[in-house]
Amino acid sequence: MKKFIQNNGWQILGGIFGAIGGYFYWRDIGCATGTCPITSKPLNSIVYFAVLGYFMIGTIAKASLELRTKKREV
């Protein structure tokens, strides 16, 4: 478990920030009619944005790591 957290720390942090952002998105913008599948309930919005944040930060972290390793090789 410790190794997983060390290897995926940025992604986990991105998921946490995404969840917080999802809550605030639901609270401030949300869906007034309740027909929107993502923003009609706070749990849906939190989970959706947490997953989005996890994958976005994971992609950025991976690209950053690849750039750093290429610079070290040159």
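Student: Which residues does the UniProt annotation "transmembrane region" cover?
Tutor: Keep in mind that we're looking at a predicted model. The annotation comes from an unreviewed UniProt entry. In the model, the first span named there is 100% helix with its end C-alpha atoms 26 Å apart, and the other is also 100% helix, with 28 Å between its end C-alpha atoms. The residues covered are 9-26 and 46-65.

Student: What is the handedness of the disulfide of Cys-31 and Cys-36?
Tutor: The structure holds one disulfide, and the sulfur atoms of Cys-31 and Cys-36 sit 2.3 Å apart in it. The torsion about the S-S bond is about 65°, so this disulfide is right-handed.

Student: Is Cys-31 buried or exposed?
Tutor: Its partner Cys-36 has a relative accessible area of 28%, which makes Cys-36 partly exposed. Buried means under 20%. Cys-31 comes in at 17%, so Cys-31 counts as buried.

Student: How are the rings of Tyr-23 and Trp-26 arranged as an aromatic pair?
Tutor: A search of the whole structure turns up five aromatic pairs. In this one the ring centres are 5.9 Å apart and the planes make 40°, which counts as tilted. Both residues lie in helix H2, three residues apart, or about one turn of the helix. As for the arrangement, the pair is tilted.

Student: Which helices do Tyr-25 and Phe-49 lie in?
Tutor: Their ring centres are 5.2 Å apart with the planes at 45°, so this pair is tilted. The pair ties together parts that are 24 residues apart in sequence, because Tyr-25 lies in helix H2 and Phe-49 in helix H3.

Methods. Residues are numbered from 1 along each chain as its sequence is written. This is a predicted model: local features need pLDDT of at least 70, side-chain atom pairs count only at pLDDT 80 or more; totals for chains, interfaces and linings use all residues. Side-chain values use heavy atoms; hydrogens and water are left out. UniProt positions are given in the numbering used here, feature names are shortened, and annotations may be inferred rather than shown by experiment. Helices (H or I, at least four residues) and strands (E, at least two) are DSSP runs, numbered from the N terminus. A disulfide is a pair of cysteine sulfur atoms within 2.5 Å. Buried means under 20% relative accessible area, exposed over 50%, partly exposed in between (1.4 Å probe, protein chains only). Rings of Phe, Tyr and Trp (its six-membered ring) pair if their centres lie within 6.5 Å; planes under 30 degrees apart count as stacked, over 60 as edge-to-face and the rest as tilted.
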